[in-house]
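Biologist: Could you take me on a close look at the nonpolar core of this protein, and then at the aromatic rings? I would like the cut-offs along the way, please.

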Amino acid sequence: MVSYLSSSEIWPSSTVGSLFLGELVGSCFFGPYADICGRRKSFLLSCTLIAGCSLMSGLTSLEYIHVVEFMVGVGVGGFTIPFDILSECHSASRRRASLVVKINYFWALGAILVPLIEWFNFVYLGSTWRTFVLICSLPSLVALIMGYFTVQESQIWLKSQMVPMKLADSNESVNTTISSLTNSSHSDQTVSSVVSAKATEIIRSLGIVETLSLWLIWFGKSFSYYGMVIVTSRIFYENEEGWDYRRSTMSCFSEVAGTWLTGVLADRMGRIQTMMGGYFVAGIFLMSFTMYDYIILCVIGRVALVLAVNTTWIATPEMYETKIRATGHGIANFFSRGGALIASVYLVRKDVSTETCGLLLCIFCMISSMASYMLPETKDVDLEGGELEMKLIQISSIRDDFSPERRQNPSRAKALVERERGVVLL
């Protein structure tokens, strides 16, 4: 499609640049919005922007194409929300990675279908790029419709919003208990900070070194992933008479293998070891592919990179408390979009050789691999087990013990308290 647009009235680099600029804006918006207004609203708004503006991009005039693509990018900036929702749905599961990563099979399916649809549209039908864009926008429309009827609000997020409301009408004795609990280990936090999502709080909760390492990984992973797509596209196009759809489709099938490996390894080896190994192997094989042009090198490198990238998407929301999870994930995605933007602008230049591109991919993969060592392991961490958050939820149950209904029926009151605490710990 890039070659077709290059010969038409659209300049592909500027169009892709508009898309990634929109993603930068969307990453900054959707994280705080999801922490304040809820995961479901944020997800539906993101899908609405993607579906609506994608359809418009196939119908609008060329002079407005960059504006429409920018709005598509804003919607794509909310891609982190589904991972937050699924992570919170399986908050205490020992198989959380294998359950959350299932959503990436749809990403892999899309990666496989795009070159097939491209071949069908441009080669078989001889149609225009507008038809191709309209066909590719249909899945986002289906996702919007299905998401409206199936996606429910995160129960963990609802609890994090309800706790301060419950505590607002607590009696004096419970307030004294709250003060003693919070001052014991969280003297610098207050109840009002539960619903606030500040960048300084995100850095403080994870640590400066860990936060910078995480942002560096997200930048490097997107530079490597989108750079890999660009470099393989260049090689498949330059070394054949026209586009090599066979090798392109074979490369895209690597997404399925990488997604499957993520579910197998991330829960067994842990997030950190999986990321370190995946980025390291990807850097070696992708650089080798640009030097020797063997499809097997491309397949192994892409499998390893998809493994590491998927694990990064899974591990990031696990590192933050509920009150700042979406914001922390969104800020990391901001750096990711920056890496993608630089890769899409620099690696498509004709004066940059494929060997140089491969070396850059290897460097950023190695940097991401080393930076992964600085992150905390979250394999068996209960996402609802934040110390302050758990104490506040338990205190809300203690306050309910003073209600007239429970004083009149002590045995029932005890059973209700145990049941509530049991639900929290499940």
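Modeller: Happy to; here is the core, followed by the cysteines, the rings and one unusual backbone angle. This is a predicted model, in which local features need pLDDT of at least 70 and side-chain atom pairs count only at pLDDT 80 or more, while totals for chains, interfaces and linings use all residues. Residues are numbered from 1 along each chain as its sequence is written, and side-chain values use heavy atoms, with hydrogens and water left out.

Let me set the scene. The protein has 21 helices and 0 strands, where helices (H or I, at least four residues) and strands (E, at least two) are DSSP runs numbered from the N terminus. Of its 426 residues, 52% are buried; buried means under 20% relative accessible area, exposed over 50%, and partly exposed in between, with a 1.4 Å probe and protein chains only. A contact means heavy atoms within 4.5 Å, and among contacts with a separation of 6 or more, 82% join residues 24 or more positions apart.

Now the core itself. A nonpolar core is a set of buried Ala, Val, Leu, Ile, Met, Phe, Trp, Tyr and Cys residues joined through side-chain atoms within 4.5 Å. The largest one here has 48 residues, and L214, Y279, L305, M319, Y320, L347 and L375 are those with the most contacts inside it. Elements giving two or more residues to this core are α6 (96–100), α11 (199–206), α12 (208–238), α15 (271–292), α16 (295–318), α17 (325–346) and α18 (354–372). Helix α12 provides the largest share, 12 residues. For a view from one side chain, try M319: leaving aside residues up to four places away in sequence, M319 touches L206, L214, L375, P376 and T378. There is also a second, separate core of 10 residues, including A34, F43, A51 and I81. As background, nonpolar side chains tend to be buried together in soluble globular proteins.

What about the cysteines? The whole structure has 0 disulfides, a disulfide being a pair of cysteine sulfur atoms within 2.5 Å. C298 is buried, at a relative accessible area of 0%, but its sulfur lies 8.9 Å from the closest cysteine sulfur, that of C252, which is too far for a bond. C53 is buried as well, at 10%.

On to the rings. Those of Phe, Tyr and Trp (its six-membered ring) pair if their centres lie within 6.5 Å; planes under 30 degrees apart count as stacked, over 60 as edge-to-face and the rest as tilted. The count comes to 14 aromatic pairs. In one of them, F29 and F30 have ring centres 5.0 Å apart and planes at 80°, so the pair is edge-to-face. F30 is buried at 1%, whereas F29 is partly exposed at 38%. F79 and W107 also pair edge-to-face, with 6.4 Å between centres and 85° between planes. That pair links distant parts of the chain, 28 residues apart: F79 is in the loop between α4 (65–76) and α5 (80–89), and W107 is in helix α7 (residues 104–124). Both are partly exposed, F79 at 32% and W107 at 39%. Ring pairs join F20, F79, W107, Y225 and Y226 into a cluster.

Finally, D293 sits in the loop between α15 and α16 and has a positive phi of about 60° although it is not a glycine. D293 is partly exposed, at 24% relative accessibility.
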